[in-house]
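Some labels given to parts of a model rest on a value set against a cut-off. The exchange after the structure asks how such labels are reached.

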Amino acid sequence: MVRFPDLAFDAALSEFAEDVVAGLSAQPRTLPCKYFYDARGSDLFEAITDLPEYYPTRTEIGILHDRARDICAQLAPGSALIEYGSGSSIKTEILLVAGDFAAYAPIDISPSAVDGAARRLRRRFPDLHIEPVVADFIGDFSLPASLDGLPRAGFFPGSTIGNFAPADARALLRRMARQLGPGAKLIIGVDLRKSPDILIPAYDDAQGVTAAFNKNLLVRLRDELGAEIDVDGFRHRAVWNARDSRIEMHLEATCPQTIRVAGHDVAFEAGETIHTENSCKYGIADFEEIARAAGWRALETFVDAGNLFSVRVLEAQ
Ligand SMILES: C[S@@+](CC[C@H](N)C(=O)[O-])C[C@H]1O[C@@H](n2cnc3c(N)ncnc32)[C@H](O)[C@@H]1O
């Protein structure tokens with residue numbers, strides 16, 4: 001087990017420890033959602049996407065299946081497909097079959113996710129140049145030099161953009177516009193505002209898979225940072241915040257307790273929570289506004305028959 005003094009030898013662990021101490025010291029207490037995705041977190045996310053309550057994945061896949069040709073018709077032939085937060089790259093295969101791509105660069109913070117996806121896609125598309133990138137897409141990183149000179153199409157599915165508050169979403173989209181360059185396209189999946197009767201079960205399923213995914217953050221604190229923590233002393237909560245149009249995931253202390261991590265003691269009252277994730281839900285026009293302010297022009301918007309989810313094609317100005 002790694003203890004705090006050892007963390008200085010590992011830059012990634014030190015950053016993890018700093019982010020955890022900063023988040024748990026803040027009020028309200030938070031933990032960054034990017035830390036959900038170690039190998040176990042990536043596997044749990046894949047299990048969530050198969051749950052009957054979790055409508056976003058199957059709905060977005062349905063839209064991509066139905067409209068892949070229309071989507072790809074908006075892209076320059078021979079584009080490099082650059083996917084932010086690619087995970088298992090399951091949705092990508094639909095585009096790769098429908099369109100004309102010279103290269104594919106999956107970008108993810110989870111090495112296990114990109115490695116597994118790249119291995120599978122190389123078998124299925126042996127002529128496609130595939131160059132995986134393990135990076136935090138919020139920070140500075142370079143695209144592979146082998147993509148230089150190719151037209152660019154970004155892909156950002158899964159409504160991962162919803163994990164960012166609107167101002168941060170704008171900043172991230174602006175960075176993508178700069179990284180991909182003028183004239184580049186972006187295919188982005190954006191979840192739509194809908195009844196909490198559909199939203200809450202999607203983020204608090206009957207089998208407890210989302211609860212395990214949320215609590216995996218505490219498991220990582222314990223196993224990777226050597227935190228003294230009673231993982232079972234916290235329970236998963238999903239809350240609809242109507243004012244900010246977002247589902248929030250929290251970990252709620254079921255009794256008074258203290259987490260000791262990286263030399264810090266963080267005391268919790270019973271009922272106090274750690275806010276672990278936001279999933280913002282948008283109306284069609286609200287999101288276009290954010291995209292426009294970030295330097296993207298809306299080309300097409302595709303929505304399923306139930307008005308649950310949208311896939312948009314944008315162009316960088
Ligand atoms: C909601 S999942 C979506 C996965 C997949 N694109 C899909 O649509 O099913 C978010 C993905 O983004 C990755 N991710 C989250 N935050 C990230 C970050 N800051 N930098 C890079 N990847 C990140 C996670 O590892 C995960 O694979």
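The questions and answers that follow concern a predicted model.

Q: Why is Phe234 called buried?
A: Residues count as buried under 20% relative accessible area, and Phe234 has a relative accessible area of 1%, so the label applies.

Q: What makes the pair of Phe234 and Phe268 edge-to-face?
A: Ring centres must lie within 6.5 Å for a pair, and planes over 60 degrees apart count as edge-to-face. The centres of Phe234 and Phe268 are 5.3 Å apart and their planes stand at 90 degrees, so both conditions are met. Phe234 belongs to strand 8 (residues 234-241) and Phe268 to strand 11 (residues 264-268), 34 residues apart, so that the pair links distant parts of the chain. Phe268, at 3% relative accessibility, counts as buried.

Q: Why is the pair of Phe137 and Phe164 called tilted?
A: Planes under 30 degrees apart would be stacked and planes over 60 degrees apart edge-to-face, with the rest counted as tilted. Phe137 and Phe164 have 45 degrees between their planes and 6.3 Å from centre to centre, so they form a pair and it falls into the tilted class. This pair also links distant parts of the chain, with Phe137 in the loop between strand 5 (133-134) and strand 6 (152-156), and Phe164 in the loop between strand 6 and helix 6 (166-180).

Q: How do you know whether Phe137 and Phe164 are buried or exposed?
A: The cut-off for buried is under 20% relative accessible area. Phe137 has 15% relative accessibility and Phe164 has a relative accessible area of 14%, so each of these two residues counts as buried.

Q: What makes Arg29 a charge over the ring of Phe268?
A: The CZ atom of Arg has to be within 6 Å of the ring centre and within 35 degrees of the ring normal. Arg29 lies over the face of Phe268, at 4.9 Å from the ring centre, which satisfies the distance condition. Arg220 lies over the face of Phe16 at 4.9 Å from the ring centre.

Q: Which residues does Leu24 touch, leaving out those up to four places away in sequence?
A: With contact taken as heavy atoms within 4.5 Å, Leu24 touches Arg29, Thr30, Leu31, Leu221, Ile259, Val261, Val266, Phe268 and Ile274.

Q: Where does the largest nonpolar core lie, and how do you know?
A: Domain 1 (4-30 + 197-280) and domain 2 (56-194 + 283-316) both give residues to this core, so it lies between them. The core has 66 residues, of which Leu24, Leu95 and Ile274 touch the most other members. Helix 8 (residues 209-225) gives the most to this core, with seven residues. Apart from it lies another core, of 34 residues, among them Ile161, Phe164, Ala169 and Ala294.

Q: Why is strand 14 described as mostly covered?
A: Eight of the eight residues in strand 14 (residues 309-316) are buried. Phe309, Val311, Val313 and Glu315 point one way from the strand, while Ser310, Arg312, Leu314 and Ala316 point the other way, and all are buried.

Q: How do you know that strand 14 pairs with strand 7 and with strand 13?
A: Pairing needs at least two bridges. Strand 7 (residues 185-191) pairs with strand 14 in the antiparallel sense over seven bridges, and strand 13 (residues 296-303) likewise pairs with strand 14 in the antiparallel sense over seven bridges, so the condition is met in each case. Phe309 in strand 14 is the bridge partner of Asp191, whereas Ala316 stands opposite Trp296.

Terms used
Residues are numbered from 1 along each chain as its sequence is written. This is a predicted model: local features need pLDDT of at least 70, side-chain atom pairs count only at pLDDT 80 or more; totals for chains, interfaces and linings use all residues. Side-chain values use heavy atoms; hydrogens and water are left out. A nonpolar core is a set of buried Ala, Val, Leu, Ile, Met, Phe, Trp, Tyr and Cys residues joined through side-chain atoms within 4.5 Å. Buried means under 20% relative accessible area, exposed over 50%, partly exposed in between (1.4 Å probe, protein chains only). Helices (H or I, at least four residues) and strands (E, at least two) are DSSP runs, numbered from the N terminus. Domain bounds come from an automatic or database domain assignment. Rings of Phe, Tyr and Trp (its six-membered ring) pair if their centres lie within 6.5 Å; planes under 30 degrees apart count as stacked, over 60 as edge-to-face and the rest as tilted.
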